[in-house]
6 protein chains.
Amino acid sequence: MIVTARLTFSAAHRLNNPNRDAEWNRRTYDKCDNPAGHGHNYVITVSVRGKIDPETGMVIDLKVLKDIVRTRVIDRVDHRNLNEDVDFLRGVIPTAENLARSFWQELAPAIEQGSLHEVALQETEKNSVVYRGEDEA
Amino acid sequence: MIVTARLTFSAAHRLNNPNRDAEWNRRTYDKCDNPAGHGHNYVITVSVRGKIDPETGMVIDLKVLKDIVRTRVIDRVDHRNLNEDVDFLRGVIPTAENLARSFWQELAPAIEQGSLHEVALQETEKNSVVYRGEDEA
Amino acid sequence: MIVTARLTFSAAHRLNNPNRDAEWNRRTYDKCDNPAGHGHNYVITVSVRGKIDPETGMVIDLKVLKDIVRTRVIDRVDHRNLNEDVDFLRGVIPTAENLARSFWQELAPAIEQGSLHEVALQETEKNSVVYRGEDEA
Amino acid sequence: MIVTARLTFSAAHRLNNPNRDAEWNRRTYDKCDNPAGHGHNYVITVSVRGKIDPETGMVIDLKVLKDIVRTRVIDRVDHRNLNEDVDFLRGVIPTAENLARSFWQELAPAIEQGSLHEVALQETEKNSVVYRGEDEA
Amino acid sequence: MIVTARLTFSAAHRLNNPNRDAEWNRRTYDKCDNPAGHGHNYVITVSVRGKIDPETGMVIDLKVLKDIVRTRVIDRVDHRNLNEDVDFLRGVIPTAENLARSFWQELAPAIEQGSLHEVALQETEKNSVVYRGEDEA
Amino acid sequence: MIVTARLTFSAAHRLNNPNRDAEWNRRTYDKCDNPAGHGHNYVITVSVRGKIDPETGMVIDLKVLKDIVRTRVIDRVDHRNLNEDVDFLRGVIPTAENLARSFWQELAPAIEQGSLHEVALQETEKNSVVYRGEDEA
């Protein structure tokens, strides 16, 4: 059984690899490399897999799950600049892929009922990623 | 190949475990334990997995699948109180997790082309569950 | 200029006019008259019309508007039974139309920047109403 | 008859009135005043009102309308910082209200079939504004 | 008070004015003039304006309204070719504008509680029209 | 890590197996067998699975992925009749299942970073399919 919570946050970011030159960055990231940044309304969905507790009928209380996501992720990234303001994103190019993996790392240790199954991140109506901890073993 | 039908229903429910005291229920379910109940527009998506029949080009006729979901689930829960009005939910705490598993049990035997792959239930824009029959073997 | 805030709540209700007999109620409300009730995820959108304050660039701070809607409406109806639990709905048949008008009456006096323009209430994906205070003069 | 085109763009912004002190800005804009900015996926819907041309069956060709919106607005704000990168927003606090009015001013002169009826701007799922040129006479 | 019902249908169409030559049609309708047609999932929302009946709490029973829309419009256009299969669209270029006006003409006489306020037709996520009977007086 | 691009197209189609008689087709496809066709706004979501390139922070550039989907699929099916106008669908009954499999076959060889993970196709709000290349080994 998988339970999923959906939350949103709004943030600015710029895609740029400081170890490569301007020409490489422009070619790789195009308008996402705009020096003054741009931004998104991100949708994050966090899924926990586990057995139904017969006493509560729940895998994990979704209020508890949402509180974890809010404390560990939303409160630290919402209305922030992902390149400059977020401690756990220092040195991370804030692509959707890297964000999903970083969010997974923040969330996984905090889930105490069931286990983290998936972090999905929608950057726009057209672009999204799904991460299931594949390289975390 | 997986084919999915999306249907909706509206129902009232209250989360309460009658074997536990009021204090436990309030702490566990908070406002979901309101004695006079509350309600939701549920979205149920039912997925069937199978091979494409080369003659029809379909795994299962989605009209047939939707008729099964309507007869076995929607007609029995729509505009009902899930704690009081539904025979197959007697004694079940109507959390999204328990509902999804109960719906699975109603639906699985009725699928004759392909096999039931997943029952997903969205309770609100923010809360949803997915069940794939994990404990049914 | 019109600014709009969107909020949601989940509630149970039953459509029934106690001054009419069972046959009339069944004919009029059909399955919405289920004695044990049913429920919905309501979407309420509240619009305020006014001029842009040149100093803030806002008609009304949407955080302020949402706090008003939360205090005056959401906190009193969310996870409640609209027939039994809500003081300002005593004696009101909780159709979407009546709810929108009642919400308007709760909200209009509290808007201090601009004036209440519209209360829209979506009961399901298929059913919604819009109220602009037409009979309130 | 009103025809409406829906387009999207992603941008960073910061709400801050440089004529007021830090304390006023923090109190007024709260987390929207984050110095390094934040951002949104904006949804802009542009409506034109006019008569149906009997020869084409259209008020205005929606391809033409969308090209106007793209050239006059989207290409200048998408993947930009609204405080720093956009000529027609110099000196404008980029609230949704001010953006909608500025977009109206860019768009209105370019509509040659029918006339601009409404610019709606959705900043998040919860916040939106509608502008109909009220103070432009 | 305005009440609104949302329904959907799926249809094929081709935009082509038979009184004009191929070159004009290609220039005017571009790929919408594809000879073998294309199609859409249309969303039709029908709004009725009226007073709340104090006995029922409703302007018009939404079940009644939806039955009218189904009988007068949906059943005649759903899974049809709008150029060839629909009697009341003979000789009409099936643009969204013309469809909305034709649907209005089919619906307005059938509304007996309140009066038809608006027919909105969404052709795609990006294109929609609204008609309020402007030229019908 | 899975990255997903969402695109849309509008097309006409008719479900009909020319090797079976009219009675079989009517019984099997019902109103989907309308001789003059009907149509849909299809939503196609294409997912690629792979490792994050540490230099770019991306599995595959979503602009590149969308260009592939546009060139290989959208440009050939958008505003077309799927029974008559599309070379790679010759002889294919254009059910959602067959379309998803055909789109997979067009797309899989073109993905050079990561590998094609899933093609999902939504035909209406209620009907969708998911294909993961199951029978392609």
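Lys and Arg count here as positive and Asp and Glu as negative, with His and the chain ends not counted. The place of a charge is NZ of Lys, CZ of Arg, CG of Asp or CD of Glu. By that reckoning, chain A has 18 positive and 22 negative charges, and their mean positions are 2 Å apart.

This is a predicted model, in which local features need pLDDT of at least 70, side-chain atom pairs count only at pLDDT 80 or more, and totals for chains, interfaces and linings use all residues. Residues are numbered from 1 along each chain as its sequence is written, chains are lettered from A and ligands numbered from 1 in the order in which they are written, and side-chain values use heavy atoms, leaving out hydrogens and water.

Start with the fold of chain A. Three helices and five strands make up its secondary structure (DSSP runs, H or I of at least four residues for helices, E of at least two for strands, numbered from the N terminus). Their order along the sequence is β-α-β-α-β-α-β-β. The C-alpha trace spans about 60 × 30 × 30 Å along its principal axes.

Now the packing. Chain A has 137 residues, and 59% of them are buried (under 20% relative accessible area; exposed is over 50%, partly exposed in between; 1.4 Å probe, protein chains only). Take contacts (heavy atoms within 4.5 Å) between residues at least 6 apart in sequence: 66% join residues at least 24 apart.

Turn to chain B. Asp53(B) sits in the loop between strand S2 (38-49) and helix H2 (62-77). Asp53(B) counts as partly exposed because its relative accessibility is 29%. Its C-alpha lies 10.0 Å from that of Gly114(B), 61 residues away along the chain.
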